[in-house]
Amino acid sequence: MMENSYAASDTRMDSRLQRLLVIASSLGLCKMDDIDLIRGAASSSRQNAFWDQLLDIVCINDASEDHRKHQLASPGMISETMPLQEQLHHDSNLMDSIAKMDSLSAMFETKMNILPPDLMRMINNTAKADGFADGERPLPPDLKKLQAVAAQLAMDLSAANTQLLHLTQNYNYQKDDDQVVSTVSETMKLILSELAQLITSFSYSFENEMRQWCNKAPPKLTQLGPTFKDVHSSLQQFSVILQGLATVRSSFTNLRSLSTSHATAMQDITPSMDEFGK
């Protein structure tokens with residue numbers, strides 16, 4: 001029992017701690033790899049429980065060897081050296097201490113969870129999403145509806161099996177070619193490696209160039225949007241009117257210059273009255 005092979009191979013400890021661990025585990029005080037409890041590095045509650053159990057074993061063993069130590073006799077064990085009334089008193093104290101334990105109510109709890117905790121959490125979340133309060137569950141489905149759904153599933157499964165049998169009997173599929181499979185595997189490895197490089201590059205660019213913009217506070221919007229839209233529409237209409245007036249002015253200037261030049265030309269061409277008299 002004192003050999004080193006009984007302890008865990010991955011724990012580094014000297015021979016004394018190893019022997020103490022083997023003895024304690026043989027007495028049922030700890031596990032074979034619970035070296036922290038022997039070293040004193042475990043929690044205070046575990047160390048207190050360890051010493052309580054060890055002292056109980058020592059006291060019971062000592063009382064069994066020396067019958068004169070009536071006060072060390074263990075409750076629940078009837079001994080000829082102790083009067084029955086005194087033994088009853090010890091047993092009553094034991095039952096009182098057990099009844100005052102905080103975890104005693106859990107022993108008589110009528111509610112029992114059949115499903116594992118992860119499924120229970122999923123069911124509770126689904127019930128909350130459906131509008132049920134805590135502890136409430138939807139009513140179980142009707143048995144006839146379940147039988148109808150099961151019958152429909154059986155029919156669908158039978159039809160799928162029939163189609164699969166038809167395909168396997170009427171069509172010959174090409175067997176796997178090791179060379180083709182190897183080529184496709186190498187191609188997929190190359191594509192996935194390139195994809196991994198692209199993801200790494202994008203992550204680097206995002207962290208260094210884009211994240212600083214993503215972490216900025218959003219702009220605070222005001223209620224001037226409709227007013228700004230109306231003012232902008234009026235400004236556009238006023239700009240169109242100004243452009244029209246500029247076009248009219250340029251046209252009027254061109255017409256005026258043309259009329260002036262035409263009148264000058266007519267004066268040059270038409271002879272005067274003196275010339276007609278001559």
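Helices here are DSSP runs of H or I with at least four residues, numbered from the N terminus. With that in hand, Leu 192 can be placed in helix α8, residues 178-214. Please keep in mind through these views that the model is predicted.

**Figure 1. The whole chain, with ten helices and zero strands.** Reading along the sequence gives the pattern α-α-α-α-α-α-α-α-α-α. The protein has 278 residues, and buried residues make up 8% of them. Its accessible surface comes to about 24,700 Å², with 60% of that belonging to carbon and sulfur atoms. Take the contacts between residues at least 6 apart in sequence: 16% of these join residues at least 24 apart.

**Figure 2. The largest nonpolar core, built from nine residues.** In soluble globular proteins, nonpolar side chains tend to be buried together. The members to look for in this view are Leu 21, Ala 24, Leu 29, Cys 30, Ile 35, Leu 37, Ile 38, Ala 42 and Phe 50. Helices α1 (15-26) and α2 (35-39) each supply at least two residues of the core. The largest share, three residues, comes from α2.

**Figure 3. The surroundings of Leu 29, one of the core residues.** Leaving aside neighbours within four places in sequence, which residues is Leu 29 in contact with? They are Ala 24, Leu 37, Phe 50, Gln 53, Leu 54 and Ile 57. Among them, Ala 24, Leu 37 and Phe 50 also belong to the largest nonpolar core.

**Figure 4. Phe 50 and Trp 51, an edge-to-face aromatic pair.** The structure holds two aromatic pairs. In the pair formed by Phe 50 and Trp 51, the ring centres are 5.7 Å apart and the planes make an angle of 80 degrees. Phe 50 has a relative accessible area of 10%, so this residue counts as buried. Trp 51, at 48% relative accessibility, counts as partly exposed.

**Figure 5. Phe 202 and Phe 206, a stacked aromatic pair.** Here the distance is 6.1 Å centre to centre, with 25 degrees between the planes. Both residues lie in helix α8, four residues apart, about one turn of the helix. Is Phe 202 buried or exposed? At 52% relative accessibility, Phe 202 counts as exposed, while Phe 206 is partly exposed at 22%.

**Figure 6. The salt bridge between Arg 46 and Asp 34.** The count of salt bridges comes to two. In the one shown here, the closest N and O atoms of Arg 46 and Asp 34 are 2.1 Å apart. Arg 46 lies in helix α3 (residues 44-65) and Asp 34 in the loop between α1 and α2, so their pairing ties together parts twelve residues apart in sequence. Asp 34 is buried, with a relative accessible area of 11%, whereas Arg 46 is partly exposed at 39%.

**Figure 7. The salt bridge between Glu 207 and Arg 211.** The closest N and O atoms of this pair are 2.8 Å apart. Both partners sit in helix α8, four residues apart, about one turn of the helix. Glu 207 is partly exposed, with a relative accessible area of 44%. Arg 211 also counts as partly exposed, at 32% relative accessibility.

**Figure 8. A nonpolar surface patch of about 750 Å².** Val 180, Val 184, Met 188, Ile 191, Leu 192, Leu 195, Leu 198 and Ile 199 make this patch. To find your bearings, start from Leu 192 in helix α8.

Terms used: Residues are numbered from 1 along each chain as its sequence is written. This is a predicted model: local features need pLDDT of at least 70, side-chain atom pairs count only at pLDDT 80 or more; totals for chains, interfaces and linings use all residues. Side-chain values use heavy atoms; hydrogens and water are left out. A nonpolar core is a set of buried Ala, Val, Leu, Ile, Met, Phe, Trp, Tyr and Cys residues joined through side-chain atoms within 4.5 Å. Buried means under 20% relative accessible area, exposed over 50%, partly exposed in between (1.4 Å probe, protein chains only). Contact means heavy atoms within 4.5 Å. Patches are made of residues with over 30% relative accessible area and no salt bridge: like charges are joined within 9 Å, nonpolar side chains (Val, Leu, Ile, Met, Phe, Trp, Tyr) within 5 Å. Accessible areas come from the Shrake-Rupley method with a 1.4 Å probe; for residues, only the protein chains shown count as cover. A salt bridge is a side-chain nitrogen of Lys or Arg within 4 Å of a carboxyl oxygen of Asp or Glu. Rings of Phe, Tyr and Trp (its six-membered ring) pair if their centres lie within 6.5 Å; planes under 30 degrees apart count as stacked, over 60 as edge-to-face and the rest as tilted.
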